[in-house]
Amino acid sequence: MGEQTASYQVRLARPDEVRRLRAIEDAAGGIFSGLGLIDEALDVSFPLNDLARLVAMGQVWVACLEDDLPVGMVIASVREEAVYVEEMDVLPEHGRRGLGARLLERACAWAREQGYSAVTLSTFRDVPWNGPFYRRHGFRDLQPEEWTPGMRAIREQEVRHGLRAEARVFMRRELDRADEVAPT
């Protein structure tokens, strides 16, 4: 079952939607073009086999129109005793409607349901729909001395994939009982 607001619903992704999710990621990634934050020659998409595995595990949610067509997604994994937001994308033409916030809250609710006390992620520090967005939703920047070994490995992989490391930040949101608000 999904949550319903206006003409969008958030629900678990289905295995037959993996290619659609790749198309959402690619379209959403286009908004970074020209910002100088990504070497597009090195940039790669989220691996389809990993995406399919996480969909099968019930760790990918989609925002859909009334016709059940996904227009946004969030991918969660478990890394080092926390839930990690691997990817979150919304088609640009559906942006600024609260879908990212709804998807993020669904991933945080799942983390809480699974007994995890925090959600982490890596994003661009200053891009308005990245770092500032997550800060508004309870995330704080982590200093390099707070990074786990897994985060250091993620950063190395991001650099290999053409992301400007100095523009990136790891963030963390602590989950507690006060966070227990139904996703909107």
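**Notes on strand β6 and its aromatic neighbours**

1. Tryptophan 147 and phenylalanine 170 are both buried. This is a predicted model, so please read each point below with that in mind. The two rings form an edge-to-face aromatic pair, 5.0 Å centre to centre with 75° between the planes. Tryptophan 147 sits in the loop between β7 (140-141) and α5 (149-160), while phenylalanine 170 belongs to strand β8, so the pair ties together parts that are 23 residues apart in sequence.

2. You may like to look next at strand β6, residues 118-124. Seven of its seven residues are buried, so the strand is largely enclosed by the rest of the structure.

3. Which strands pair with β6, and in which direction do they run? On one hand there is β5 (residues 82-90), parallel to β6 and joined to it by three bridges; here tyrosine 84 stands opposite threonine 120. On the other there is β8 (residues 168-174), antiparallel to β6 and joined to it by seven bridges; in this pairing phenylalanine 124 stands opposite arginine 168.

4. The link between β5 and β6 is worth tracing on screen. Together with helix α3 (residues 99-113), these strands make a right-handed β-α-β unit.

5. Serine 122 is a good residue to click on within β6. Its relative accessible area is 12%, which is under the 20% cut-off, so serine 122 counts as buried. The serine 122 side chain makes a polar contact of 2.7 Å with the side chain of glutamate 158. Beyond its neighbours within four places in sequence, serine 122 is in contact with residues including Tyr84, Arg155 and Glu158, and also with Arg168, Val169 and Phe170. Phenylalanine 170 is the ring partner of tryptophan 147 from point 1.

6. Two arginines lie over aromatic faces, and both rings have come up already. Arginine 168 lies over the face of phenylalanine 124, at 4.5 Å from the ring centre; these are the residues that stand opposite each other in β6 and β8. Arginine 79 lies over the face of tyrosine 84, at 5.0 Å from the ring centre.

7. Phenylalanine 124 has aromatic company too: Phe32, Phe124 and Trp129 form one aromatic cluster.

8. How many aromatic pairs does a search of the whole structure find? There are six. One of them joins tyrosine 134 and phenylalanine 139 edge-to-face, at 5.6 Å centre to centre and 75° between the planes. Tyrosine 134 is buried at 7% relative accessibility, and phenylalanine 139 is buried at 4%.

Conventions:
Residues are numbered from 1 along each chain as its sequence is written. This is a predicted model: local features need pLDDT of at least 70, side-chain atom pairs count only at pLDDT 80 or more; totals for chains, interfaces and linings use all residues. Side-chain values use heavy atoms; hydrogens and water are left out. Buried means under 20% relative accessible area, exposed over 50%, partly exposed in between (1.4 Å probe, protein chains only). Helices (H or I, at least four residues) and strands (E, at least two) are DSSP runs, numbered from the N terminus. Two strands pair if DSSP finds at least two bridges between them. A crossover is right-handed if, with the strands pointing away from the viewer, the path from the first strand over the helix to the second runs clockwise. A polar contact is a pair of N or O atoms within 3.5 Å; within protein, one must be able to donate a hydrogen and the other to accept it, and residues adjacent in sequence count only if both atoms are side-chain atoms. Contact means heavy atoms within 4.5 Å. Rings of Phe, Tyr and Trp (its six-membered ring) pair if their centres lie within 6.5 Å; planes under 30 degrees apart count as stacked, over 60 as edge-to-face and the rest as tilted. A charge sits over a ring if NZ of Lys or CZ of Arg is within 6 Å of the ring centre and within 35 degrees of the ring normal.
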